[in-house]
Every structure is written in C-alpha cells, then in structure tokens.
Amino acid sequence: DFIGSYPGPKLFGSKPPEEYVINPSLDAETKVWSSNTIMATPHHATSILEIFYLSNQTSDDVDNLSIFYSKLQNWHTYLHQQTISNCSDARHANDTFPCLIVRHPLETEIDMKSPLWESALMNVTQIVRDKKWNSGMSIPKEVKDSFDYPGDDIYNSYIYLLQCLNEGNNNVTSQNHTNYTKQFCPFGMLDVGVSAVLAKADMDMLMIGQILADKNHLTRPTMDEMASTKARTNRSMDMLHALWDEDRGSFFNRLVTLTQTDDGWYNSNATMPLETSIAYNFFSMIDPMLNSSLVAKMSMQLLQRSGKLSFNCGSYPLWSVGGCTNNSSPIIPLVNYRVSTGLIRNGELGLGAYVSYGLLNLICGLPNSDESNLTNCRE
C-alpha cells in the first residue's frame with residue numbers, strides 16, 4: 001500500500017468518472033485504478049522533444065513525434081480548458097483569478113516534509129482535527145520512521161485529500177463570465193514549479209508543431225492550431241510571472257482562499273501568498289524565460305548567507321529551505337540539478353556550475369573546493 005513513505009496505488013481508490021479521464025489505464029497486476037483526478041506535473045512535451053533531439057531524426061522519428069504530438073495536444077487542451085479555464089490575463093497575482101490550480105500536494109514536486117505544507121495545508125489539517133477524521137488504515141512503522149515523513153498532521157491531510165478527491169472527484173466548475181472556482185475539496189494552490197513546467201511545455205509544444213510543419217508532415221498542425229498553441233504559451237507565461245513578488249525579489253506559491261458554501265462545496269475568487277523560502281521557487285528558471293533583472297535578483301539569494309531568503313547556508317549547495325537557520329534542511333539532488341540547469345540556461349554560468357559541482361562533491365563525499373577530484377569520483 002506504500003511506496004517508501006508515499007501512499008501507493010491501492011490508496012488512490014476506484015475509477016473516476018469517464019469525463020475526468022483522458023486515457024484511463026487499469027493496473028493489470030493489482031487490478032486497481034492507479035490514479036484519479038490527480039495530475040502529473042506536465043513535463044511530457046519537454047521530455048518528448050528532448051528525446052527527439054537525441055534521436056537520429058529519421059522519418060520514423062518524425063512519425064513518432066507526430067503520434068505523441070496528437071496525444072500531447074489532448075493533454076494540453078485538458079490543462080488549459082479544464083484546469084485553468086476562465087483565467088485572468090493580469091500579471092499581478094493579487095488581481096488574478098486562480099489559474100492553474102494544484103488540488104493535491106502530490107501534483108507538485110515539493111517534498112512532503114517541506115515547511116510550505118504547514119501553512120498551505122493548515123485548513124485541511126484543521127478540518128481533519130475538527131472532524132476527528134481517521135483514515136481507517138494503519139500507517140506502518142517503517143513509513144513513520146522514514147526520513148521524509150512529515151508528521152501525523154500533514155500526512156493525514158495528504159490522505160484526507162486523497163479520499164476527498166475519490167469521493168467528489170473534485171469537480172471544478174469555472175463559471176462563464178464569473179471569476180470564481182467551485183470545487184469539492186478544501187485545497188487549491190498555484191505552484192511556481194508546476195506553472196514554470198507548463199510554460200516550458202507549452203513552448204516545447206510550439207516547437208514540436210513547428211518541426212512537423214517544417215518537415216511537411218501529413219499530420220502537421222494547422223495555422224489555427226499553431227495560433228492556439230502560441231496563445232497558450234503566452235497565457236502560461238503570464239501565469240508564471242503573476243507569481244513574482246517584486247518587493248521580496250522572489251517567486252512564491254499562492255494559496256487559493258476557499259470558503260465553504262451551504263451545499264458543502266468550496267468556492268474562491270482570490271489567492272494569498274505563501275511566503276515560504278524554499279528551493280523549489282527557483283524552478284521558475286527551468287528555461288530562459290525570465291528577464292535578466294529577475295534572474296539577478298533570484299541569483300543573489302543563492303549567494304546570501306543570512307536573511308529569510310538566503311540559500312548559501314553550508315559547505316554544499318543547495319539547501320531545500322532558505323534562511324540558513326534550519327540545520328536539518330535536506331539537500332535534494334533533483335532540486336539542485338534543476339536549479340543548476342536553470343541558472344546555466346539563464347546565463348548564470350558560474351553560479352550554475354557552482355551548484356552542479358557542489359552537488360557532485362557532496363554525492364562523492366569530497367570537500368566542496370577546487371582541490372576536490374571529481375575525475376576520480378566519476379570513475
């Protein structure tokens with residue numbers, strides 16, 4: 001039932017209604033539906049494009065790219081029409097209707113033990129306490145002893161939202177000409193990482209379409225389809241930039257402020273910032289899509305050794321939590337890789353290399369200095 005400290009497929013419940021599934025797949029071995037309305041972070045188009053670039057780019061490779069392009073179009077249509085429909089075009093988060101809403105922490109790449117969840121899941125945790133809700137299952141000792149177990153309150157909030165999504169399928173109703181969202185479960189968040197990944201994926205969809213057009217492929221996109229993809233790209237970029245906090249010089253997630261209605265559902269037309277300094281905020285640099293001023297302000301945080309937004313906290317970069325006060329903050333390799341890659345793509349070559357080599361030194365057990373011998377480590 002568990003994969004490490006994370007709930008396994010059997011805890012995700014039964015098949016959701018057909019209208020909320022794009023391509024349902026039954027797990028043949030366990031005979032259970034492995035997911036419901038929980039979304040995967042939309043890296044798919046980026047991965048497909050990278051695979052194509054690494055191929056020999058033969059006619060067969062172009063055919064495969066075309067096949068995936070059609071499927072990716074369905075996925076991005078779902079994201080833009082179902083998940084972020086009726087989104088404002090404003091660039092200021094305070095004036096922006098909730099756009100790409102994360103409806104469960106598992107839809108993000110933020111680790112379960114991140115302090116962000118203490119504030120982001122506060123309302124859910126309170127509901128669990130007030131209802132004296134119990135999952136009805138026993139959490140194994142090895143799960144509770146895991147290094148990334150967040151504690152009973154946060155973990156029960158995770159499970160509660162899983163059950164809620166199963167029961168209500170978290171139907172999101174975006175009313176036409178009315179800026180509010182209505183949903184069954186008491187959590188929604190605008191995530192920097194998910195927004196940045198979608199913006200990158202939309203740009204890559206535009207590139208895939210252009211490749212198929214240049215190759216004069218039979219299934220190349222029409223002019224209208226290309227225009228629609230371009231509009232989606234602009235929209236997702238606006239969504240990402242709306243999460244920028246100019247006063248603090250950083251990107252922050254935003255919590256959808258939900259109010260329960262008489263029918264037991266929740267609605268909202270506003271968000272509030274989650275000013276938690278976490279390394280995942282740097283995922284905004286996943287691609288060269290930020291202006292140099294924003295990149296410079298974000299980079300300064302990686303060099304600071306004190307202050308709420310400081311991240312140059314120890315011998316090795318990059319702590320997952322900023323502030324340089326939490327000595328138990330983990331260093332997560334995937335986060336470091338994403339941040340170093342983003343820095344390099346945005347022109348911060350020296351800082352990107354510092355984060356990258358610092359991670360390699362840590363993994364290899366070497367001092368983080370010029371004297372470390374990474375050649376021997378690789379061998």
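## Working through a predicted fold

Of the 379 residues in the chain, buried ones make up 50%. Keep in mind that this is a predicted model. The chain has twelve helices and eleven strands. Among contacts between residues at least 6 apart in sequence, 67% join residues at least 24 apart.

### Exercise 1: helices H7 and H8

Work out how H7 and H8 are oriented towards each other, and what kinds of residues form their contact.

**Solution.** Start with the geometry.

- Two packed helices are described by the angle between their axes and the distance between the axes.
- For H7 (residues 192-214) and H8 (residues 223-241), the angle is about 160 degrees and the axes sit 9 Å apart.
- Angles over 145 degrees count as roughly antiparallel, so that is the label for H7 and H8.
- The crossing of H7 and H8 is left-handed.
- Now look at who meets whom: the H7 side includes Val192, Leu198, Asp202, Met205 and Gln210, while the H8 side includes Met226, Lys230, Arg232, Thr233 and Leu240.
- Sorted by type, the residues of the H7 and H8 contact are eleven nonpolar, six polar and three charged.

### Exercise 2: helices H1 and H7

Now do the same for H1 and H7: find the class of their crossing and the make-up of their contact.

**Solution.** Same routine, new partner.

- The axes of H1 (residues 44-54) and H7 come within 8 Å and cross at roughly 45 degrees.
- That angle makes H1 oblique to H7.
- The crossing of H1 and H7 is left-handed.
- On the H1 side, the residues are Ala45, Thr46, Ile48, Leu49, Phe52 and Tyr53. They meet H7 residues including Lys200, Asp204, Met207 and Ile211.
- Tally the types for H1 with H7 and you get ten nonpolar, one polar and two charged.

### Exercise 3: aromatic pairs

Count the aromatic pairs, then classify the pair Tyr149 and Tyr155 and the pair Tyr280 and Phe283.

**Solution.** Count, then look at the planes.

- There are nine aromatic pairs.
- Tyr149 and Tyr155 have ring centres 5.1 Å apart and planes at 40 degrees, a tilted pair.
- Tyr149 counts as buried because its relative accessibility is 9%, and the cut-off for buried is under 20%. Tyr155, at 0%, is buried too.
- Tyr280 and Phe283 are 5.4 Å centre to centre with 65 degrees between the planes, which is edge-to-face. Both Tyr280 and Phe283 are buried.
- For a cluster linked by ring pairs, look at Trp117, Tyr158 and Phe187.

### Exercise 4: two buried residues

Place Ser157 and Leu302 in their helices, decide whether each is buried or exposed, and list what each one touches.

**Solution.** Take Ser157, then Leu302.

- Ser157 lies in H6 (residues 152-168). Its relative accessible area is 0%, so Ser157 is buried.
- Not counting residues up to four places away in sequence, Ser157 touches Leu121, Val124, Thr125 and Val128.
- Leu302 is in H9 (residues 292-303). Its relative accessibility is 5%, so Leu302 counts as buried.
- Leaving aside neighbours within four places in sequence, Leu302 is in contact with Phe282, Phe311, Asn312, Leu318, Val339, Leu343 and Leu351.
- Asn312 deserves its own step: Leu302 and Asn312 are ten residues apart along the chain, and their C-alpha atoms are separated by 5.4 Å.

Notes
Residues are numbered from 1 along each chain as its sequence is written. This is a predicted model: local features need pLDDT of at least 70, side-chain atom pairs count only at pLDDT 80 or more; totals for chains, interfaces and linings use all residues. Side-chain values use heavy atoms; hydrogens and water are left out. Axes are lines fitted to C-alpha atoms, for helices over the stretch in contact, and angles run from 0 to 180 degrees between N-to-C directions. Helices (H or I, at least four residues) and strands (E, at least two) are DSSP runs, numbered from the N terminus. Angles under 35 degrees count as roughly parallel, over 145 as roughly antiparallel, 65 to 115 as roughly perpendicular and the rest as oblique. A crossing is left-handed if the near helix is turned anticlockwise from the far one by less than a right angle, and right-handed if clockwise. Contact means heavy atoms within 4.5 Å. Ala, Val, Leu, Ile, Met, Phe, Trp, Tyr, Cys and Pro count as nonpolar, Asp, Glu, Lys and Arg as charged, and the others, Gly among them, as polar. Rings of Phe, Tyr and Trp (its six-membered ring) pair if their centres lie within 6.5 Å; planes under 30 degrees apart count as stacked, over 60 as edge-to-face and the rest as tilted. Buried means under 20% relative accessible area, exposed over 50%, partly exposed in between (1.4 Å probe, protein chains only).
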